[in-house]
Amino acid sequence: MSKLVLLLSLACAAGAEPFPYRATVVAIEDLTPAIKRVRFRLEDGLRFKPGQYVFLKLPDDYVVQWNERFGTSHQEVFRPYSFASSASRLPWFDLMIEHAPAPPGEDVPPGVASTYVHQSLREGDVLRFSAPAGGALSFKKDTRRPIVAIAERAGAAPFVSLLEYWFENQWERNQPIYLFLSDPLLDARFREWERTRKTFHYYPVSGPVRDLSAVPRDAEAYVAGSPAMIREVARMLKVRGIPEERIHYDGAAAPSGAARLTASSVASMSAALWAKEIEHCLAASGKK
Ligand SMILES: Cc1cc2nc3c(=O)[nH]c(=O)nc-3n(C[C@H](O)[C@H](O)[C@H](O)COP(=O)(O)OP(=O)(O)OC[C@H]3O[C@@H](n4cnc5c(N)ncnc54)[C@H](O)[C@@H]3O)c2cc1C
């Protein structure tokens, strides 16, 4: 059991609220037709490390209306989103949220949380959040290895946070950083960083990342995107010569598809494990 899950279990047993933090929406911006950047102002004392994520809880009345509209039976709805700004900007922080439409040809509702953010969230709304979690994507500073970050669309969120933070501290001087971004967003900002930071290399592509020939073979690699994208990129990185222990990812994806517990795969389980623990906590408090 991870330290965080253990802490939540203890807090839960003591009757603590699984979504203790509140933040007010101060701005909503379209980064692409499918991705919004939402800027929040924190109302309480949350702290996070770049590369971490947080569970956003949907308002209960929205969930009730959703269930009536689509005949679903959601109870508490919460989803993990990566911080997309440097921790130094607190009490302000950004999330980048991509709309999840219904899969083509399937008669099912669109994604509940991302539809809420895209269609109903307004400036001035106050949302609740869990404590921050994760950290598998936090760039390793002690190895001195080149850093390779590979993301698709909103998967860039944790890398925006990490890059901002690293550039503030000028840590890229010791370790070059390579960013591969599929269907890029914030392109002007990454190009500006490439112009001003000598050791930052930016590779935007439209469609999937297929060419990793610029990846140094001694790199430490970080991947963020859909489970399918993570699996494919991990496979390509291994072909390039990067061993599994130097490939890091967060979320529910398991690149090898195996039950082998590497450091990365343990970290990758944390979002699902933690979500389960929040469910237990809600059940214990009679909210589910
Ligand atoms: C660690 C981590 C960090 C993340 N960070 C980000 C981030 O920074 N930005 C971001 O945009 N996302 C991020 N995600 C993904 C995010 O947490 C959500 O999974 C995503 O927003 C979709 O949630 P949703 O509630 O909108 O969709 P859901 O309601 O969970 O639905 C998902 C999909 O299933 C379909 N569906 C609905 N009902 C059915 C059914 N009955 N049968 C089949 N299909 C169905 C929906 O149409 C939709 O396409 C992250 C995930 C993880 C694990």
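This report walks through the fold, the core and a few local features of one protein chain.

**Overall picture**

The model is predicted. Its mean pLDDT is 88, and 86% of the residues reach 70 or more. The protein chain holds seven helices and 11 strands. Of its 288 residues, 38% are buried. Contacts often link distant parts of the sequence: among those with a separation of 6 or more, 69% join residues 24 or more positions apart.

One stretch calls for care. Over residues 252-269, pLDDT stays under 50. The model still has 32 contacts beyond four places in sequence for these residues. Where pLDDT is low, predicted coordinates should not be read in detail.

**The six-stranded sheet**

Six strands make an open sheet, and their order is S4-S3-S6-S1-S2-S5. The pairing is antiparallel. Strand S4 (78-82) and strand S5 (92-98) are the edge strands, each pairing on one side only. From one strand to the next, the twist averages 45°.

Strands of a sheet pair through backbone hydrogen bonds. Inside this sheet, strand S1 (residues 21-32) and strand S6 (residues 126-129) run antiparallel and are joined by four bridges. One residue to look up here is Arg22, whose bridge partner in S6 is Arg128.

The loop between S4 and S5 contains Pro91. The peptide bond from Leu90 to Pro91 is cis, with omega near 15°.

**Ser114 and its surroundings**

Ser114 sits in helix H3 (residues 112-119). Is Ser114 buried or exposed? Ser114 has 20 other C-beta atoms within 10 Å, so it counts as buried; the cut-off for a buried residue is 20 or more. Leaving out residues up to four places away in sequence, Ser114 touches Ile97, Glu98, His99 and Ala100. Arg79 is 35 residues from Ser114 in sequence, yet the two C-alpha atoms are 9.0 Å apart in space.

**The nonpolar core**

In soluble globular proteins, nonpolar side chains tend to be buried together. The largest nonpolar core in this model has 70 residues. Which members touch the most other members? They are Val148, Ala149, Ile150, Ala156, Phe159, Ala221 and Val223. Helix H4 gives the most to this core, with seven residues. The core lies between domain 1 (3-7 + 16-133 + 269-284) and domain 2 (147-268), because both give residues to it.

Val223 shows some of these links. Beyond four places in sequence, Val223 touches Ile150, Ile230, Val233, Ala234, Ile247 and Tyr249.

**Two residues with positive phi**

Arg153 and Asp183 both have a positive phi, though neither is glycine. The table sets out their values.

| Residue | Phi | Loop | C-beta neighbours inside 10 Å |
|---|---|---|---|
| Arg153 | near 40° | between strand S7 (147-152) and helix H4 (157-169) | 21 |
| Asp183 | near 50° | between strand S8 (177-182) and helix H5 (187-196) | 20 |

Arg153 counts as buried because it has 21 C-beta neighbours inside 10 Å. Asp183, with 20 such neighbours, also counts as buried. Each lies in a loop between a strand and a helix: S7 and H4 for Arg153, S8 and H5 for Asp183.

Definitions and conventions. Residues are numbered from 1 along each chain as its sequence is written. This is a predicted model: local features need pLDDT of at least 70, side-chain atom pairs count only at pLDDT 80 or more; totals for chains, interfaces and linings use all residues. Two strands pair if DSSP finds at least two bridges between them. Helices (H or I, at least four residues) and strands (E, at least two) are DSSP runs, numbered from the N terminus. Axes are lines fitted to C-alpha atoms, for helices over the stretch in contact, and angles run from 0 to 180 degrees between N-to-C directions. A residue is buried if 20 or more other C-beta atoms lie within 10 Å of its own, exposed if 12 or fewer, and partly exposed in between; C-beta atoms are placed from the backbone. Two residues are in contact if their C-beta atoms, placed from the backbone, lie within 7 Å. pLDDT is the predictor's confidence in each residue, from 0 to 100. A nonpolar core is a set of buried Ala, Val, Leu, Ile, Met, Phe, Trp, Tyr and Cys residues joined through C-beta atoms within 7 Å. Domain bounds come from an automatic or database domain assignment.
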